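Biologist: I should like to go through this structure and ask, for each term applied to it, what justifies the term. Please set each value against its definition.

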Amino acid sequence: MSGKFSTIFNYTLIASTIRLSTPLILAALGGLYSERSGVINIALEGMMLAGAFTAAAVTVFAHSSFVGVLAAVLAGLLVASLHALATVRYRADQVVSGTAINMLFLGVPALLSGALFESTGATRQLSKDEVLPDVMIFSPENSPVLASIFNQKLMVYLSFVVVAATLYVLYRTRFGLRLRAVGENPEAADTAGVNVQRMRWAGVLISGALAALGGAYLAIGQSSQFTRNMTAGRGFIALAALIFGKWHPVGAMLACLLFGFAEAVSIRMQGTVNIPNQFILMIPYVLTMVMLAGLIRRADPPTALGVAYAKE
Amino acid sequence: MKTLIRELLFPLIAVLAAFVIGGLIVLAIGENPFTVYRLMLSSAFGLFDALGNFTWDNWGYTLFYATPLIFTGLAVALGFKCGLLNIGAEGQLVMGAFAAAWVGITFARLPGFVLLPLAMIAAMLAGAAWGAIPGLLKARFGSHEVINTIMLNFIAAGLVSYLTQSRYKAVGDPIMETVPISDHAHIARFSTLLSPFGIHFPNRIPLNLAFLLALAACFLVWVFLWKTKWGYEIRAVGMSPSAAEYGGINVKRQIVLAMALSGGLAGMVGISEVLGYRYRYYHDFSPGYGFTGIAVALLGRNHPVGIILAAILFGALIRGGLFVDIFTDNVSKDLVQVLQGIIILFVAMEMLFRKGLGRFIPALTNAGARKGA
C-alpha cells in the first residue's frame, strides 16, 4: 500500500497538477470575463480547439512557437467575435450560439488539418525545439525536485499572472467596475452612461483570447501537435471551475487546481489502484452540480447572465 | 399559407447560407464544392447506383441516420416548449442505449415478447431518469438546466464506460463495447418488415422498426403538446412561467415532467442503435446525435413535421459525409460538423436575416421572435 501511495503522491504530482491546471486556468479566467459581462460562454471548448489548432499549424509553417501563440490568440479573438456578433449584436440565444461554435470548431480544425497535413485530422508533429521552451529557473542536476516543479513553460507562469491581473482589473479599475455592472444590471449601467454592448464585446473577446491561449498551451506546450478534439472537454471543465469558483478569479483558479489535481491523480492511478479512473474524472462535474444546487452554499451567477440587452 | 411559407423560408435560407459558406471552405481546401455537394446529395438520396440499377442503400441509410435525430430533435423541442434548453440529450441517449443493452444481456432467457418491450421501456426509463435529474434540480434548487445537463453528459459517459469495462465487456475485447444482447431482443429491420409485401430490402441496411416508432413519437408528441392538458401546461410554462404560476399551473411539476419526457425521447435512440443495429452497447456509437438534435429542433421550428424534415436533412449529411470522406482527397467527414455548426449559428441569428433580408422578402419580417430558449 505504501509503495502504491508513494508512486502516486510524490513531488512530481505537484508539477503535473500545475501543468494540467494551466489550460483550465486560462480558459476559466477567459470565461469569467465573458460571464461577468452577462454573456454565457459555453463556447470555451470551441475557442480552445481553435487556439490549439492555430498554434500548432502556424508553428509548423512559421517555425516559431511565439508566432504560433500569437496566431492562436488572433484565432481566439476571431471565434469570440462570432459569439459576440451572434449574442450581443443579434441577441441570439447565448447557449445555442455557444453550442453552434463548439460544433463548428470541432469540425474546422479537423477539416483543415486533414487537408493541410494529409492526415486524419492532426497537424504535423513538432520537434522538441519547435514547441514552447521551458523556463529554466533551477538546474535539474543540482536541485531536481525544485526544477521539476518550477521549470515550466512560460504560459504556466502567465496563467497565474492572468489571475492576479484579473483580480486587479475586475475590482480596482473602471473597466472592471463597468464590466461587472453590465453583467449585474445592464439597464442601470446604461443609464449611468456605460455602453453595454461594447463592454460585452470586450468581455467575450477577452474570453476568446484567453481560452485560445489555453488551447495553444495544450497543443504546443503539453503536447507537440494538434490532434482531433484534443481538448476532450477541458473547455467544459473550465466552465465548471468558473462556477465552482463562484465567478471569482481566485476561486476559479483554486477550482482549476483542484480539477487539475484530480486529473493528475487519475493518470497516476491507472493500473496501480483499484478505484476506477472514470470516477475520479467525474469529480469536477459532480462537484459543480452539487455546488449549483447550493448544497455547499450559494453560487450566485451574475444577475443578468444569459439575458440579451436591447437598448430602447 | 403565408405563415407556412414564412416558417419554411427562413430555415431554407439558413441551410442555403450554410452550404455557401461550407462551399467556400471546401474551395479553400482545394476541392470543387459542386463535386463535393453532388457526391453528398447522390449518396444520400440517389435511387440508382453507379451501374444504373435501383438501390435502397442511399435512402435506407439516410433514414437510418435520421431515426436517432428525430428522437433527439423531439427531445430538445419538448424542452424548448417548456422554456428549457436540454443540451443533455447526448447523456440521456447514452444511458438509454446502455439500459437497453443491459436488459438484453441480463434477462436473455426471457422470451422475445417479454424481453423486447422490457428492453425498449428500459431505454426510455433510463433516458427519462437522466433527464429528470436536471429537471428536479431546477425545480428544487433553481439551478440552471444547461450547466447540469452538460455535466450529466460527461457523468453518463464515465458511468457507462465504467460499467461496460468492468462488467459487460467480453474478455479480451479491445473495443469498449458490451457482449451481444440476446437474439430475442432484436427488433425487425426493414428487410423483414417489407418482405411480406414482396419488396426486397437488403438486410445489411440497418434501417429498422425504430424509424416507425420515431414517426409515431412525432405524432404522439404533437398530440401531447397541442391536445392535452399537460401539454398545454408545459407550453404555458414555456411562454411565461410567472403567468402559468398565476394561472394555477404547477410550474415545478411541469418542468420535471418536460425534462423527464425529453430524456425519455432521447433514450429511445437506444432502441434503434442497440436493438435494431449493433445488438450490443458500443461506447462511441453516437456521432453527437444529442447535439445535432438541437440543430434539428431549431431548424424544424420545434414542430414534429419540421423535425422529421430537418432530421432527414441531417441524416443525409451524415450519410453524405461518409462518402465525401472516402471519395475526395482533402475533404473529411468533419465538413458535416462544420455545416451543422453554421446552420445552428444562422438559425440562432434569426434577427440578422429578418433585418437584412426583410427589405427584399417582406414575408420574413413580421414573424415573432423565437420563443422558449
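Modeller: Let us begin with helix directions: angles under 35 degrees count as roughly parallel, over 145 as roughly antiparallel, 65 to 115 as roughly perpendicular and the rest as oblique. The angles run from 0 to 180 degrees between N-to-C directions, and the axes are lines fitted to C-alpha atoms, for helices over the stretch in contact. Helices (H or I, at least four residues) and strands (E, at least two) are DSSP runs, numbered from the N terminus. The model is a predicted one, in which local features need pLDDT of at least 70 and side-chain atom pairs count only at pLDDT 80 or more, while totals for chains, interfaces and linings use all residues. Residues are numbered from 1 along each chain as its sequence is written, and chains are lettered from A and ligands numbered from 1 in the order in which they are written.

Biologist: Why are helix 5 and helix 11 of chain B called roughly antiparallel?

Modeller: Helix 5 (residues 112-141) and helix 11 (residues 251-267) of chain B pack at an angle of about 150°, with their axes 6 Å apart. The class begins over 145 degrees, and helix 5 and helix 11 of chain B are therefore roughly antiparallel. Their crossing is right-handed; a crossing is left-handed if the near helix is turned anticlockwise from the far one by less than a right angle, and right-handed if clockwise.

Biologist: What classes of residue make up the contact of helix 5 with helix 11 of chain B?

Modeller: That contact divides into 16 nonpolar, seven polar and two charged residues. Ala, Val, Leu, Ile, Met, Phe, Trp, Tyr, Cys and Pro count as nonpolar, Asp, Glu, Lys and Arg as charged, and the others, Gly among them, as polar.

Biologist: What makes helix 4 of chain A oblique to helix 10 of chain A?

Modeller: The axes of helix 4 (residues 65-89) and helix 10 (residues 196-222) of chain A come within 7 Å and cross at roughly 140°. That angle belongs to none of the three named ranges, so helix 4 of chain A is oblique to helix 10 of chain A. Helix 4 of chain A passes helix 10 of chain A in a right-handed crossing. By class, the contact has 18 nonpolar, nine polar and one charged residues.

Biologist: How do you know whether B:Arg280 is buried or exposed?

Modeller: A residue is buried if 20 or more other C-beta atoms lie within 10 Å of its own, exposed if 12 or fewer, and partly exposed in between, the C-beta atoms being placed from the backbone. B:Arg280 has 22 such atoms and is therefore buried. B:Arg280 lies in the loop between helix 12 (269-278) and helix 13 (289-299) of chain B. Among the residues that B:Arg280 touches, not counting those up to four places away in sequence, are B:Ala101, B:Glu177 and B:Val274. Here, two residues are in contact if their C-beta atoms lie within 7 Å.

Biologist: Why is helix 13 of chain B described as largely enclosed?

Modeller: Of its 11 residues, 11 are buried, so helix 13 of chain B is largely enclosed by the rest of the structure. The buried residues include B:Tyr289, B:Phe291 and B:Leu299.

Biologist: What is notable about the phi of B:Arg301, and how exposed is B:Arg301?

Modeller: B:Arg301 has a positive phi of about 55° although it is not a glycine, and lies in the loop between helix 13 and helix 14 (304-327) of chain B. With 19 other C-beta atoms within 10 Å, B:Arg301 is partly exposed. In chain A, phi of A:Arg91 is near 50°, also a positive value in a residue other than glycine. A:Arg91 is found in the loop between helix 4 and helix 5 of chain A, and with 18 C-beta neighbours inside 10 Å counts as partly exposed.

Biologist: Why is B:Pro202 placed in its exposure class?

Modeller: B:Pro202 has 13 other C-beta atoms within 10 Å and is therefore partly exposed. B:Pro202 lies in the loop between helix 7 (190-194) and helix 8 (209-227) of chain B, and touches B:Trp56 and B:Ser191, not counting residues up to four places away in sequence.

Biologist: Which side of chain A touches chain B, and which helices supply it?

Modeller: 38 residues of chain A are in contact with 38 residues of chain B. Helix 5 (94-116), helix 11 (234-244) and helix 13 (277-292) of chain A each supply at least two residues of that side of chain A. The largest share, 15 residues, comes from helix 5 of chain A.
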